[in-house]
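Q: Hey, I'm new to this one. Can you walk me through it, piece by piece?
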Amino acid sequence: TNLMAQDDARVRDRIDALRQSEEKWWNQNISLPNSEFSDFLNFLQENGMKSSSLRYWGELAFLLLRLKPCVTLSEMCLASHPTAQRFVNEILKPWLSFHPELQLKIVHRVRTKHYDFSNHFIIFNVNHPLYLQVSAIWEFDAEKEFEADGGFRSEDQIALTLDYPCGLPDSLEGRDEMLEVAYFHEEGGKKSLLMSFGIPESKIGQIRAHFDRYKQVSSPFINLKLAMTKT
């Protein structure tokens with residue numbers, strides 16, 4: 001029991017360290033933005049995103065806890081963008097150096113009908129039981145001769161790699177309502193968004209089991225809450 005408590009304390013320290021350094025990085029850059037960071041904030045605004053919801057410590061905690069096989073930085077912007085590179089070099093790489101089981105790569109060309117993951121950062125947990133299966137779905141080799149699929153993957157393949165309960169339907173039009181599912185950390189009356197994904201309303205029964213699994217494993221470190229809204 002003492003060993004388990006010590007392990008929990010170490011994991012909590014590592015998660016808290018990432019959370020604090022990430023928040024500090026954002027606050028410093030927003031208060032004194034240079035031109036490339038200002039361009040990045042404009043990019044977020046144009047795409048309907050807020051910088052306050054662009055935090056990765058929660059998903060990386062789920063990755064560290066082997067709930068997720070991998071995490072993409074697809075909301076950040078292309079891996080070639082100076083802001084993405086600075087975030088990775090200043091925040092992620094120092095933190096990842098303590099966790100050799102977490103490997104950072106760049107996706108070369110992978111896309112679905114709804115999203116293009118090409119040239120974005122991705123982080124794997126090589127100790128996850130699905131690591132080999134999941135890593136084979138992503139394409140990293142820029143020199144490789146591409147097959148006729150053009151880098152396309154199914155929504156179910158992507159859902160498997162990111163540990164979502166199910167993939168998006170091929171068409172988002174139809175009678176089945178879509179739900180936006182969000183997992184939050186709640187502390188001191190404030191909620192911090194950790195992870196969000198879309199799911200057809202007909203699959204709502206899969207959410208509870210997924211959320212309960214995440215809550216059980218992460219409970220020593222995260223006060224996990226669930227919210228769902230129709231889109």
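A: Sure. Keep in mind that this is a predicted model. Let's begin with a sheet: three strands form an open sheet in the order E1-E3-E2, and their pairing is antiparallel.

Q: Which strands stand at the edges there?
A: E1 and strand E2 (102–106) do. Each has a single partner strand, so one side of each is left without a neighbour in the sheet.

Q: How much are neighbouring strands of this sheet turned against each other?
A: By 20 degrees on average, direction ignored.

Q: And how many bridges join E1 to E3?
A: Three bridges join E1 to strand E3 (residues 121–125), and the two run antiparallel. As for who faces whom, Cys 70 stands opposite Phe 124 in E3.

Q: Which helix packs on the sheet?
A: H3 packs on it and touches E1, E2 and E3. The direction of H3 makes about 30 degrees with that of E3.

Q: OK, the other sheet. What order are the strands E4, E5 and E6 in?
A: The order is E5-E4-E6. This is an open sheet of three strands with antiparallel pairing. E5 and strand E6 (224–230) are the edge strands, and each pairs on one side only.

Q: What's the average turn between neighbouring strands of this sheet?
A: They are turned by 25 degrees against each other, again with direction ignored.

Q: How many bridges are there between E4 and E5?
A: Strand E4 (residues 178–187) pairs with E5 over 10 bridges, in the antiparallel sense. One to look for: Glu 180 has Gly 198 in E5 as its bridge partner.

Q: What does H3 touch on this sheet?
A: Helix H3 (residues 57–64) packs on the sheet and touches E4, E5 and E6. Its direction makes about 70 degrees with that of E5. Helix H7 (residues 205–218) packs on the sheet too, touching E4, E5 and E6. The direction of H7 makes about 155 degrees with that of E6.

Q: Switching to helices. At what angle do H2 and H4 pack?
A: H2 and helix H4 (residues 82–96) pack at an angle of about 105 degrees. Their axes are 9 Å apart. H2 and H4 are therefore roughly perpendicular to each other.

Q: Which residues make the contact?
A: On H2, they are Glu 36, Phe 37 and Phe 40. On H4, they are Pro 82, Thr 83 and Arg 86. The residues of this contact divide into three nonpolar, one polar and two charged.

Q: Now pockets. How much space lies in the largest pocket?
A: About 1000 Å³. It is lined by 36 residues. The closest to its centre are Ser 74, Glu 75, Tyr 115, Tyr 164 and Ser 196.

Q: Which elements supply at least two residues of that lining?
A: Helix H2 (35–46), strand E1 (70–72), helix H6 (155–162) and strand E5 (190–200) each do. E5 gives the most, with six residues.

Q: How does the lining of the largest pocket split by class?
A: There are 19 nonpolar, 11 polar and six charged residues.

Q: What about the second largest pocket, what volume does it have?
A: About 260 Å³. Its lining includes Arg 19, Glu 23, Trp 57, Glu 187, Lys 190 and Lys 191.

Q: Which elements give two or more residues to that lining?
A: Those are helix H1 (2–31) and E5. E5 gives the most to this lining, with four residues.

Q: And how do the residues of this second lining divide?
A: Two are nonpolar, four are polar and six are charged.

Q: Where should I look again for E5?
A: Look at the sheet with the order E5-E4-E6, the lining of the largest pocket, and the lining of the second largest pocket.

Conventions:
Residues are numbered from 1 along each chain as its sequence is written. This is a predicted model: local features need pLDDT of at least 70, side-chain atom pairs count only at pLDDT 80 or more; totals for chains, interfaces and linings use all residues. Side-chain values use heavy atoms; hydrogens and water are left out. On a 1 Å grid over the protein atoms alone, a cavity is a set of points where a 1.4 Å probe fits but cannot get out, and a pocket is an open set with protein on both sides within 12 Å along at least five of seven lines; lining residues have an atom within 4 Å of a point. Grid points are joined across faces, edges and corners, and a volume is the space filled by probe spheres set on the points. Ala, Val, Leu, Ile, Met, Phe, Trp, Tyr, Cys and Pro count as nonpolar, Asp, Glu, Lys and Arg as charged, and the others, Gly among them, as polar. Two strands pair if DSSP finds at least two bridges between them. Axes are lines fitted to C-alpha atoms, for helices over the stretch in contact, and angles run from 0 to 180 degrees between N-to-C directions. Contact means heavy atoms within 4.5 Å. Angles under 35 degrees count as roughly parallel, over 145 as roughly antiparallel, 65 to 115 as roughly perpendicular and the rest as oblique.
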